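Colleague: I should like a close look at one part of this structure, the parallel sheet. Please describe how it is built, and then place it within the rest of the model.

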Amino acid sequence: MQDYQTQKPTVLEILNTHQAMPGNLLPILHGIQDTLGYIPPAAVVDIAKALNLSQAEVHGVISFYHYFRETPPGEHTIRICRAESCQAMNGKVLETHAKQQLGIDFHETTADGIFSLEPVYCLGNCACSPSITIDDEVMGRVTTEKFDRLLATYKGAK
Amino acid sequence: MTRVFISRDSTALSLGAEQVAKAVEQQANSKGLSAEIVRNGSRGLFWLEPLIEVETSQGRVAYGPVQVEDVASLLDAGMLDGKQHPLFLGNIEEIAYFKNQNRLTFARVGLTDPVNIDDYLAHDGYRGLKNALALQQTEIVKQVTDSGLRGRGGAAFPTGIKWNTVLNAPADQKYIVCNADEGDSGTFSDRMIMEGDPFVLIEGMTIAGLAVGATQGYIYLRVEYPHAKIALNQAIEAAYKNGYLGENIQNSGKTFHLEVRSGAGAYICGEETSLLESLEGKRGLVRFKPPLPAIVGLFGKPTIVNNVISLASIPVILDKGGEYYKNYGMGRSRGTLPLQLAGNIKHPGLFEVAFGMTLRELLYDYGGGSASGRPIRAVQVGGPLGAYLHEGQFDTPLDYEAFAAISAVLGHGGIVVHDDTVNMADMARYAMEFCVEESCGKCTPCRIGSTRGVEVIDRIVEGVQKDKNTVLLRDLCDTMTYGSLCAMGGMTPFPVLSALNHFPEDFGLQSAKA
C-alpha cells in the first residue's frame, strides 16, 4: 500500500477545490477515489478536519456506500450484476464461473493484482442480460465464453 | 455529407456500438465515401442494436444488428444510399414495436443528437419552457395537475399536488431534486432519457424551478451510469452557454442552476429522504415523514423530489397542455408509461405506451415471448420490490389501480421475464437477501426482518418444520409491511409473498394460497 504522505497533497487539493460546495462529502470521496483508486484510511483524518466532522462520521459515510473502498483495487475492476434480470439469463452461472476463473470471491483482488471482483445490483443494461462492467465499460449478453475472451483481452493489454 | 446515426446509449455500447462507429468512420474514409457520424440515443429496440440509421433522400433507413465484421459489406452494398443488404430494416419507425408506441416523453430519443442544442430546438425542444415563461407560477402547476401525471419513480404520487405544496411553502431558498438513482433491476428508462435526450430533463427541471420558485437543481445520478453523466454534463454546459440555464434565462430575469451529483452504489438512496441525506453528504438513512420533503427537504428547505421520467414528461405537458397528456391512459392512470422489457425476453427494449395495454400483449405481441424459447413462468413487474405475476395474471391491464387490485405494483415500469427454469423459492430468498444488502439499517423490521427472512425461507426449502415456518414467514412479512419506515422493508414482502402464493411447489409446499 502506498505511503499516505505521497497521497496527502492530492487529498488536500481535492478538499480545497470542494470547500464552498454544499453537501460536499460525497463529491470529495468520489474525487479521491477517482484519483487514487480508493480512499486511504489515513485520509479520513484530513477529511474530517476540513469538513469539521468527526472521523467516525466520515468513516460512517465511507462504509455506508458499497462503491467506496478503503483498499487499493486491482488494475481493472470487474463488476458482475447479481440482480433479477441477469439471474433470468444465467447470471448465476456467470458469477460462479467468474469467481472460478479468477480464483477469488467478491470484494477480493487476484494475487497478480490485475483484477478486483465486485458485485453490483443492476447496471441498467437489463435488455441485454447478463451484464458486467470492466472499469467503466459495460458489456452485455456476457456468456462464460465471452467472459473468458474479455479476461484474456484485459490481461493481454496489461 | 450523409448523416449516419450510431448510438451512444450504454446498452448499444455494451454490444459493440463504439467499435462499429469507429469501423464505419475508418472504412468510409478509406473508401473515399463521405459520412458524418452522429452518436444518438437508442430507439430502444435492443435486439437490433448496434443499429445504424442512414439519412437518405427517402428518409432514415436502418440496418441492424451490426457487428464490426458487417461494416465492409454494408458500405459495399451502398448503405450510405440506403441500399439493400441482409441487415436492411427499412424505416425503424414503421416496425410495429416502434409504430404502436405513444412516444411523448421519448419523442426525440434515438432521433436526435442528444447533446446538440440546435438539434433539440429543431425538434420542438424548449417549447414547454417558452410557454412556462409566459405563465404565472400557479398556471404552470395547474397544467401539471391537469395532466394527471403521477410520479413515475414508482410511488405514483400526483406530481401537481407535490409541486403545489412546494409552491405554497414560503422559503428564501427552494430546490428541485431529480431522483436519477434508477436502481431497480429491469429498468433503464431514466438512463435512456439521460443518455438519449438529456435536454428534456434539463428543460423539465427548469420549468419545475420556475413553477415553485426554486433556483437550484440537483440531479442525483447513480454511479453505475457513467455514460449518462457524460451526456448530462455536456448538455448542461450547452444549456448554460445558450442562456437556458443560469441567471436571466432567455432574458426572463429568472434564474436556475443545475448540477449533477453522483451516488455511490446504495440502492436505498432511490428513496427520496435517503437521497436527500446523501446529497447533504451523509449516510443514506431514511428520514421520518412528516415533515414531507416538499416542506422540509434538501438542507431543510422546501424541495421537489421527482423521478427522471416525471420531470422529462413536463416539457411535452407545458408544450401541448395538460389536457393533451391526460387524453392518453385509462382510469386514474393518465398519460404514458415508458415500460422496459427485460430479462428472458426475445425482444427486449423500451416501450412507451398509454396506460391500459395488457401485460400479455406486451410480453407476446411485442416482446415475442421468452428469449430461451421456453414458456414464460413468472414476470416481476416494478423492480426488486415488485410482485411476481403468474400466467393467469397476464391479462391485467398496465394501470396503477388494476395492479394494486392484484397486490402488485407497476413501479417504475420495469418488467423482468423468467422462463420455466426459474426457481421461485430462490427468487424469494434473493428478495430478502437484497433487502439485507441494501437496508439502510434505521428501522428494525427491515434491518433484522430481512436477515430472519432469508433464514426462514432456507428452513422451509430444507423441509424443517415447513408449516410452522411458512406461518412464521407470513407473520414476518406482515411485520415488515406494516412496521417498516419506507418501501424497502415495506415492499420486500411483495416478491416474497407472491412467489410463495403463486408458486408454493418451489418451496416444497403443496398449497399455500393465502
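Modeller: In this predicted model, four strands of chain B form an open sheet, and their order is E8-E7-E6-E9. The pairing in this sheet is parallel. At the edges stand E8(B) and strand E9 (303–307) of chain B. Each of these two strands has a single partner strand, so one side of each is left without a neighbour in the sheet. On average, neighbouring strands of this sheet are turned by 20 degrees against each other, direction ignored.

Helix H11 (residues 226–241) of chain B packs on this sheet. H11(B) touches strand E7 (216–221) and E8 of chain B, and its direction makes about 165 degrees with that of E8(B).

Let us now turn to one strand and its partners. Strand E6 (residues 175–180) of chain B is joined to E9(B) by five bridges, and the two run parallel. One pair may be picked out here: B:Ile176 has B:Ile304 in E9(B) as its bridge partner. E6(B) is also joined to E7(B), in this case by six bridges, and these two strands likewise run parallel. Within that pairing, B:Val177 stands opposite B:Tyr218 of E7(B).

How many residues of E6(B) are buried? Six of the six are, so the strand is largely enclosed by the rest of the structure. A residue is called buried here if 20 or more other C-beta atoms lie within 10 Å of its own. In a regular strand, side chains alternate between the two faces of the sheet. Both faces of E6(B) are covered. On one side, B:Tyr175, B:Val177 and B:Asn179 are buried; on the other, B:Ile176, B:Cys178 and B:Ala180 are buried.

A second sheet of chain B offers a useful comparison. Five strands form this open sheet, in the order E13-E12-E16-E14-E15, and the pairing is mixed. Its edges are strand E13 (349–354) and E15 of chain B. Each has a single partner strand, so one side of each is left without a neighbour in the sheet. From one strand to the next, the twist averages 30 degrees. Three bridges join E14(B) to E15(B), and these two strands run antiparallel. In this pairing, B:Ala378 stands opposite B:His390 of E15(B). Helix H16 (residues 359–366) of chain B packs on the sheet and touches E12, E13, E14, E15 and E16 of chain B. The direction of H16(B) makes about 120 degrees with that of E14(B).

Two strands of this second sheet, E14 (376–381) and E15 (388–390) of chain B, also meet the buried residues of helix H22 (residues 493–502) of chain B. H22(B) is mostly covered, with nine of its ten residues buried. Among the buried residues are B:Phe494, B:Val496, B:Leu497 and B:Leu500. The buried residues of H22(B) also pack against several helices, including H18 (424–438) and H19 (444–462) of chain B.

These parts belong to a chain with 22 helices and 16 strands. Buried residues make up 58% of the 514 residues of chain B. With that number of residues, a compact globule would have a radius of gyration near 24 Å, and the 24 Å of chain B agrees with this. The C-alpha atoms of chain B fill a box of roughly 75 × 60 × 40 Å along the principal axes. Of the contacts in chain B with a separation of 6 or more, 72% are between residues 24 or more positions apart.

The last step is to consider the partner chain. In the contact between the chains, 44 residues of chain B meet 34 residues of chain A. Both sheets described above take part, since the elements giving two or more residues to this side of chain B include strand E8 (257–262), strand E12 (336–343) and strand E16 (414–419). The largest share, four residues, comes from H1(B). By class, this side of chain B has 19 nonpolar, 17 polar and eight charged residues.

Chain A itself has seven helices and five strands. Buried residues make up 39% of its 158 residues. Chain A is divided into domain 1 (4–64) and domain 2 (76–156), and 29 Å separate the centres of these two domains, taken over C-alpha atoms.

Terms used. Residues numbered from 1 in each chain as written. Chains lettered and ligands numbered in written order. Predicted model: local features only at pLDDT ≥ 70, side-chain atom pairs only at ≥ 80, totals over all residues. Contact = placed C-beta atoms within 7 Å. Nonpolar A, V, L, I, M, F, W, Y, C, P; charged D, E, K, R; others polar. Buried ≥ 20, exposed ≤ 12 C-beta atoms within 10 Å, placed from the backbone. Domains from an automatic or database assignment. Rg over C-alpha atoms; globule rule 2.2 N^0.38 Å. Pairing = 2+ DSSP bridges. Axes fitted to C-alpha atoms, helices over the stretch in contact; angles between N-to-C directions.
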